[in-house]
Amino acid sequence: MGVKEIVARIEGEANAERERIVSEAKENANKKLEEARKEIELQKKRFIEAEEKRGVEEKERIIRAARLNARKLRWKVEEEMIGKALEGATKRIKDVKKEGFKGKSYSNILTGLIKDAAMSIIAGGRAGGELEVMLSEEDAAASFVKPDGLKKIADEINQDRGVNVRLSLSGERIRSAGGVIVRGKEGNIEVNNTFEQRMARFFTSLRGEVLKTLFTTLSS
Amino acid sequence: MVVEALKSIREGEEEGRKLIEEAKERAAKILKEAEEEVKRLKEKAREDEKSLAREISDKYAQEGKKEEKVIMKNAEAEAEKLKSIAESNLDSTINFVLEKILGLR
């Protein structure tokens with residue numbers, strides 16, 4: 001082999017090695033880029049999924065809040081109208097005192113309330129004795145309840161229940177729009193049948209019935 | 001003659017070493033450029049994520065608000081309707097309440 005051939009062989013081998021090194025580097029670089037692109041794409045996919053999930057949650061939160069606000073709006077109307085009904089009833093008590101209600105005079109209404117209170121006291125175990133009836137200043141002054149009326153109520157109760165109670169009008173006055181308080185003379189037992197108390201006592205059950213009556217066309 | 005030949009071979013070898021050194025340098029440059037490109041792609045992806053997040057968030061918020069508008073519009077209409085029904089039933093309801101508190105029911 002001549003010198004020229006040897007030199008040519010050395011150059012050829014060096015060129016081949018150079019080609020190999022550069023080609024390997026290009027291959028590695030492309031591989032790195034390809035891997036990075038894949039990783040970025042995967043990361044982007046995961047990111048979009050997470051953001052979509054967050055977005056859906058936010059959308060649902062907005063809708064839930066809107067539905068709650070819608071329900072609040074309905075409750076507001078309900079409460080407003082219940083308030084109007086209760087206020088209207090309270091205001092109309094004055095007319096009831098003058099004109100009666102559903103064919104009953106105010107005196108008759110008070111009689112019913114006195115009897116109801118007295119019966120509750122008897123149901124609580126009392127079989128006799130003195131019960132006194134307390135009225136508001138206004139009702140007492142208008143003499144809606146008279147002693148003979150009380151005697152009649154007591155007689156009816158005694159006859160119905162086989163007890164011996166007496167009813168009298170107390171000199172003590174109550175602060176109320178109307179109605180009565182009946183209590184034992186010893187003051188140990190009392191039934192409050194004033195309108196305010198009855199309204200408060202029946203409020204929970206009344207509320208449902210009032211709602212039904214107010215919005216009856218809608219449900220029917 | 002022999003000296004000349006050895007010189008030529010040594011020069012050839014030197015030339016070969018140079019070629020390989022250059023190739024190694026070029027290879028290092030290629031890899032470095034690739035790494036820089038990877039870095040740039042990742043930075044761009046991070047930047048893209050910000051606008052993508054805004055875009056997605058806006059899209060769902062808008063959808064939510066659109067639905068909220070419909071819900072509230074319906075609720076307001078229903079509230080008005082309810083109120084009108086209740087107003088027309090107010091008198092009978094007052095009577096019902098009175099019956100209850102006056103002890104007639």
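Biologist: At which residue does α1(B) bend, and by about how many degrees?

Modeller: The bend in α1(B) sits at B:Leu90, and the angle is about 55°. Keep in mind that this is a predicted model.

Biologist: What comes just after α1(B)?

Modeller: Look at B:Gly103. Just after α1(B), this residue takes a positive phi of about 80°.

Biologist: How do I read two helices that pack together? At what angle do α1 of chain A and α1 of chain B pack?

Modeller: Start with the idea of a helix. An α-helix has 3.6 residues a turn, so residues three or four places apart point the same way. Now the case here. Helix α1 of chain A covers residues 3–99, and helix α1 of chain B covers residues 2–101. They pack at an angle of about 10°, and their axes are 5 Å apart. Angles under 35 degrees count as roughly parallel. Therefore α1(A) and α1(B) are roughly parallel to each other.

Biologist: Which classes of residue make up the contact of α1(A) with α1(B)?

Modeller: The contact has 54 nonpolar, 12 polar and 32 charged residues.

Biologist: Now the chains as wholes. How many residues of chain A are in contact with chain B?

Modeller: Interfaces can be described in several ways. The size of an interface is often given as the accessible area lost when the parts come together. Here, count residues instead. On chain A there are 68 residues in contact with 59 residues of chain B. Four helices of chain A, α1, α2, α5 (195–214) and α6 (216–219), each supply at least two residues of the side that touches chain B. The largest share, 48 residues, comes from α1(A). By class, this side of chain A has 37 nonpolar, 10 polar and 21 charged residues.

Biologist: Next, the sheet. In what order do the four strands of chain A lie?

Modeller: First the principle. Strands of a sheet pair through backbone hydrogen bonds, either parallel or antiparallel. In chain A, the order is β2-β1-β3-β4, the sheet is open and the pairing is mixed. At the edges are β2 (164–174) and β4 (190–194), each of which pairs on one side only. Neighbouring strands are turned by 20° against each other on average, direction ignored.

Biologist: Which way do β1(A) and β2(A) run, parallel or antiparallel?

Modeller: Parallel, with eight bridges joining β1(A) to β2(A). Take one residue to follow: A:Val133 has A:Leu169 in β2(A) as its bridge partner.

Biologist: And how many bridges pair β1(A) and β3(A)?

Modeller: Four, in the antiparallel sense. Find A:Glu132, then look across to A:Arg183 in β3(A), which stands opposite. Strand β3 (residues 179–184) of chain A also runs antiparallel to β4(A), joined by five bridges. There, A:Val180 stands opposite A:Asn193 in β4(A).

Biologist: Which strands does helix α2 of chain A lie across?

Modeller: Helix α2 (residues 106–123) of chain A lies across β1 (128–136), β2, β3 and β4 of chain A, at about 30° to β3(A). Helix α4 (residues 147–161) of chain A lies across β1 and β2 of chain A, at about 140° to β2(A).

Biologist: Last, into which domains is chain A divided?

Modeller: Domain 1 spans 1–99 and domain 2 spans 104–216. Their C-alpha centres lie 69 Å apart. The contact takes nine residues from domain 1 and nine residues from domain 2. On the domain 1 side, six are nonpolar, one is polar and two are charged.

Methods
Residues are numbered from 1 along each chain as its sequence is written. Chains are lettered from A and ligands numbered from 1 in the order in which they are written. This is a predicted model: local features need pLDDT of at least 70, side-chain atom pairs count only at pLDDT 80 or more; totals for chains, interfaces and linings use all residues. Axes are lines fitted to C-alpha atoms, for helices over the stretch in contact, and angles run from 0 to 180 degrees between N-to-C directions. Angles under 35 degrees count as roughly parallel, over 145 as roughly antiparallel, 65 to 115 as roughly perpendicular and the rest as oblique. Ala, Val, Leu, Ile, Met, Phe, Trp, Tyr, Cys and Pro count as nonpolar, Asp, Glu, Lys and Arg as charged, and the others, Gly among them, as polar. Two strands pair if DSSP finds at least two bridges between them. Two residues are in contact if their C-beta atoms, placed from the backbone, lie within 7 Å. Domain bounds come from an automatic or database domain assignment. The bend at a residue is the angle between axes fitted to the seven residues ending there and the seven starting there.
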